[in-house]
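Good morning. I will talk through one structure today, starting with its ligand and then moving to some of its strands and one helix residue. Please have a look at it before I go on.

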Amino acid sequence: MGLAIAYQLALEGCRPVLLEADDRLGGMAASFDFAGVAIERYYHFHCLSDTAFFQLLEELKLQPLLRWKQTAMGFFLDGRLYPWGSAGSVLKLRRLPLLARLRYLLHAARCLSLRDWRHLDGIPATTWLRTWLGRPGYEVLWAKLFAYKFYQYTDSLSAAWIWSRIRRIGRSRRWLKETLGYLEGGSEHWIEAIEARIRELGGEIRLSSPVGAIEHSDQGARISSPRGSEHFDAVISTVPLPLVAPMLRAGGQDPALIAAYETQLSVACACVVLQTRQPITANFWTNVNDSRFSIPGIIEMSNLRPITPHITYVPFYMPADHPDYSRPNDAFIADSIACLKAINPSLEDSDILASQCSRYRYAQPVCGTHFLDSLPPLNPIPNVWIADTTVYYPEDRGISESVGFGRNLARQVAAHLR
Ligand SMILES: Cc1cc2nc3c(=O)[nH]c(=O)nc-3n(C[C@H](O)[C@H](O)[C@H](O)COP(=O)(O)OP(=O)(O)OC[C@H]3O[C@@H](n4cnc5c(N)ncnc54)[C@H](O)[C@@H]3O)c2cc1C
């Protein structure tokens, strides 16, 4: 979102300065060198509805590198791998009563036809799913996915948020077949291109530059970073909302305002990436419901984007204060390998070529019921705008949503400055 804002501001004739705390650009979409291959720390795919992202690719002349592929899904349920994701595969899942399978399909159809989500905003997602699917359907198909991602927050999520997630994937179909996208070269490709364009248009980018304080000043705002305190005509923050609280505190803001940022809930992610000699399954995405593993699913990136050797992501989501989050990376890697071996018993230790575990403290906001009412204002202080991935609720966090929202916000701020 920060890159999209800096790019749009530069297009509007402003001279943006982008301050990034990390040693690289991209945030959750940043890449690292994994045994000689540049891949994202966290898995990314694109859906057919990602129009703001396609528009950006077009402007960066990267549209020809966007690829689409029909992908398969699986469900690893109590030690057995089932096909999943199509109406036929749902109907064949005899592990569930026929009525539960039919209710699941009806609910999926309802998610696609529903347009006005406002009545879902006040309903807990788990209540909504239990009502549509019945208890057996919910317990088998959803309970573990929620429990291993949101833990104690499972029953607070809003139905509007889960609806928008189901709909995004459900709509990414061609001829009824799930079709997902990736960019040749991965996210690094568009991040490098937008960085070059921002600089070309006169913008400045500073890495390893954490902002420590934001405060209002006459005709603008001041921020402090390793270079000291600087004045700008306007400041736009795109860091996760809870991280804004200490910046406002250092800037001497009202405690009630600070609390509105501090109390936003998120779950963290320890995301394991494994390079293996062979695929685990033929699926891109395999949901996992197996009491041996606290893993909601595995994502075989190589079954979407042809990267060799085979790349699989295993995400462990949990609140950052959960005792398991302090486990060493090796423990998450060992659990991931055990899970992959359970799914594909032919996998041996000698097939694991490389492993890595990356962590993001604010990986997934917890969007509760009546979520919009809990969000602090976008422009809480004159000349200061504060946004993160929650601002486009009920849409879930996503590259396209962050790019689209960020560019619109930049247009408004540029108009305000004029
Ligand atoms: C596991 C996982 C899987 C995902 N899968 C997908 C997917 O398949 N498709 C998709 O579209 N999206 C996916 N996403 C989401 C996507 O990565 C994000 O929505 C997108 O990157 C949004 O970025 P953002 O800029 O809004 O926020 P962030 O990426 O959170 O960026 C915030 C930035 O602020 C920086 N920062 C923090 N503190 C400071 C400070 N004090 N000063 C300066 N800078 C600071 C951070 O370093 C970071 O670069 C996934 C995310 C995760 C974690």
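What follows is a short tour of this model, in three parts.

One caution before the tour: the model is predicted.

Part one is the ligand. How many residues surround the ligand? There are 28 of them. The closest are Met1, Glu20, Met28, His44 and Tyr360. Two of these names come back when we look at the oxygen atoms of the ligand. An oxygen atom of the ligand lies 2.6 Å from an N or O atom in the side chain of His44. For Tyr360, an N or O atom of the side chain is likewise found 2.6 Å from an oxygen atom of the ligand. With Gly27 the backbone is involved: one of its polar backbone atoms is 3.4 Å from an oxygen atom of the ligand. On its own, the ligand has 1000 Å² of accessible area, and the protein covers 91% of that.

What kinds of residues make up the shell around the ligand? By class, 17 are nonpolar, seven are polar and four are charged. As for where they come from, helix H8 (241-250), strand E18 (352-365) and helix H12 (399-417) each supply at least two residues of the shell. In terms of domains, the shell takes at least three residues from domain 1 (2-66 + 183-264 + 372-417), and at least three from domain 3 (265-365).

Part two is strand E8, residues 177-183. Is strand E8 largely enclosed or open? Six of its seven residues are buried, so the rest of the structure largely encloses E8. Strand E4, residues 66-70, pairs with E8 in the antiparallel sense, over five bridges. In that pairing, Arg67 has Tyr182 of E8 as its bridge partner. Strand E7, residues 173-174, also runs antiparallel to E8, and two bridges join them. Here Arg174 is partnered with Lys177 of E8. E7 and E8 form a hairpin with two residues between the strands, and in this hairpin Trp175 takes a positive phi near 50°.

Part three is a single residue, Ser400, which sits in helix H12. That is one of the helices that supply residues to the shell around the ligand. Is Ser400 buried or exposed? Its relative accessibility is 6%, and buried means under 20%, so Ser400 counts as buried. Along the chain, Ser400 and Leu56 are 344 residues apart, yet their C-alpha atoms are separated by 9.0 Å.

That is the end of the tour.

Definitions and conventions
Residues are numbered from 1 along each chain as its sequence is written. This is a predicted model: local features need pLDDT of at least 70, side-chain atom pairs count only at pLDDT 80 or more; totals for chains, interfaces and linings use all residues. Side-chain values use heavy atoms; hydrogens and water are left out. A residue is near a molecule or strand if one of its heavy atoms lies within 4 Å of it. A polar contact is a pair of N or O atoms within 3.5 Å; within protein, one must be able to donate a hydrogen and the other to accept it, and residues adjacent in sequence count only if both atoms are side-chain atoms. Accessible areas come from the Shrake-Rupley method with a 1.4 Å probe; for residues, only the protein chains shown count as cover. Helices (H or I, at least four residues) and strands (E, at least two) are DSSP runs, numbered from the N terminus. Ala, Val, Leu, Ile, Met, Phe, Trp, Tyr, Cys and Pro count as nonpolar, Asp, Glu, Lys and Arg as charged, and the others, Gly among them, as polar. Domain bounds come from an automatic or database domain assignment. Buried means under 20% relative accessible area, exposed over 50%, partly exposed in between (1.4 Å probe, protein chains only). Two strands pair if DSSP finds at least two bridges between them.
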